[in-house]
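The following questions and answers examine a single protein model. The sequence and structure are shown first.

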Amino acid sequence: METFEQAFTRLLDRQKREATGMRREMLEKDMTGTKKLCEILWQAFGTIDEFVLEQEWVSEMGVKIYADVYHPVLRIIFEALGYVVHAEKITRQRHSFEQMRIRSFMKLGLKFMPFSWDELDQKPELCVRSIYEFLGRYGNPTSNGWMDLPVNEREIIRCAAAHVRPFSLSDVCGWLHMTPPPARRTLRSLVGKEWIEPVGGGPQRAYQFRVTETAIKLL
């Protein structure tokens with residue numbers, strides 16, 4: 001059976017391979033706090049495979065912002081906040097930036113759940129219980145039809161939610177290592193179920209797609 005250490009190493013290595021630019025630099029930094037947080041999430045979820053580390057968005061000010069750990073299906077951001085970085089030595093400018101960052105998350109319709117390093121170290125059971133209580137307010141994806149979808153369809157929605165911007169057929173082919181014909185059939189199925197919708201193009205062919213509000217509310 002895979003241990004947490006093995007799962008975290010595998011997750012971090014995979015996401016480093018997939019990342020570019022500033023996100024890759026963020027993944028190369030000290031990940032102590034992120035690892036503490038992932039261990040709590042491992043206990044709560046039983047896996048960390050669905051999570052994205054250092055997910056990137058563009059803020060309301062037009063600058064890139066990042067979240068420690070993001071669940072693209074549930075659209076929840078989990079963060080580990082060290083006291084020295086986030087309280088003791090924070091500048092006024094940095095404090096304002098952090099508030100803007102959180103506002104940007106809220107405007108994107110994301111849920112935000114922060115933990116301090118002390119809580120993660122000293123009260124892990126309380127942290128896990130808080131996550132269970134938080135998840136209970138939004139339902140369980142295993143009971144809302146999510147798990148009834150074919151694996152390829154779930155993976156497209158998961159990747160699309162993390163992608164943030166509209167996605168294309170070529171994106172899907174890359175995500176699933178799939179040729180265009182079966183990828184196109186899967187997209188048509190998701191459009192028919194109203195989990196995704198076309199963006200641009202014409203009645204015969206869409207150039208891009210995005211996750212629908214129906215899907216976001218269900219997830």
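**Salt bridges, sheet and cores**

Q: Which residue forms a salt bridge with K36?
A: A salt bridge is taken here as a side-chain nitrogen of Lys or Arg within 4 Å of a carboxyl oxygen of Asp or Glu. For K36 the closest N and O atoms of such a pair are 2.8 Å apart. The pair links distant parts of the chain, 85 residues apart, with K36 in helix α3 and its partner in helix α6 (residues 117-122). The residue that pairs with K36 is D121.

Q: On what kind of model and numbering do these values rest?
A: Residues are numbered from 1 along each chain as its sequence is written, and side-chain values use heavy atoms, with hydrogens and water left out. Local features need pLDDT of at least 70, side-chain atom pairs count only at pLDDT 80 or more, and totals for chains, interfaces and linings use all residues, since this is a predicted model.

Q: Is K36 buried or exposed, or does it fall in between?
A: Buried means under 20% relative accessible area and exposed over 50%, with partly exposed in between (1.4 Å probe, protein chains only). D121 has 45% relative accessibility and therefore counts as partly exposed. K36 has 22% relative accessibility, so K36 counts as partly exposed.

Q: How many helices and strands does the protein have?
A: Helices (H or I, at least four residues) and strands (E, at least two) are DSSP runs, numbered from the N terminus. By this assignment the secondary structure comes to 11 helices and 6 strands.

Q: In what order do the 4 strands of the open sheet stand?
A: Two strands pair if DSSP finds at least two bridges between them. The pairing in this open sheet is mixed: β2 and β3 are antiparallel over 3 bridges, whereas β3 (residues 76-81) and β4 run parallel, joined by 6 bridges. The order is β1-β2-β3-β4.

Q: Why is one side of β1 and of β4 left without a neighbour in the sheet?
A: The sheet is open, with the order β1-β2-β3-β4. β1 (52-58) and β4 (111-116) each have a single partner strand, so one side of each lacks a neighbour because both stand at the edges.

Q: Which residue of β4 stands opposite I77?
A: On the β2 side, Y70 stands opposite I77 in β3. On the β4 side, I76 has K111 as its bridge partner. The residue of β4 opposite I77 is F112.

Q: At what angle does helix α7 run to β4?
A: Angles run from 0 to 180 degrees between N-to-C directions of axes, which are lines fitted to C-alpha atoms, for helices over the stretch in contact (heavy atoms within 4.5 Å). Helix α3 (residues 32-45) lies across β1, β2 (64-71), β3 and β4, at about 35° to β2. Helix α7 (residues 124-136) lies across β3 and β4, and its angle to β4 is about 170°.

Q: Which element supplies the largest share of the largest nonpolar core?
A: A nonpolar core is a set of buried Ala, Val, Leu, Ile, Met, Phe, Trp, Tyr and Cys residues joined through side-chain atoms within 4.5 Å. The largest one has 30 residues, with I48, L53, F78 and I131 having the most contacts inside it. At least two residues each come from α1 (4-18), α3, β3, β4 and α7. The largest share, 6 residues, comes from α3.

Q: With which residue does R101 form a salt bridge?
A: The closest N and O atoms of this pair are 2.7 Å apart. R101 lies in helix α5 (residues 92-107) and its partner in strand β3, so the pair ties together parts that are 22 residues apart in sequence. Both residues are buried. The partner of R101 is E79.

Q: Which residue forms a salt bridge with E153?
A: E153 has a relative accessible area of 5% and is therefore buried, whereas its partner is partly exposed at 37%. E153 lies in helix α8 (residues 151-163) and the partner in the loop between α10 (180-192) and β5 (196-199), so the pair ties together parts that are 40 residues apart in sequence. With the closest N and O atoms 2.8 Å apart, the partner is K193.
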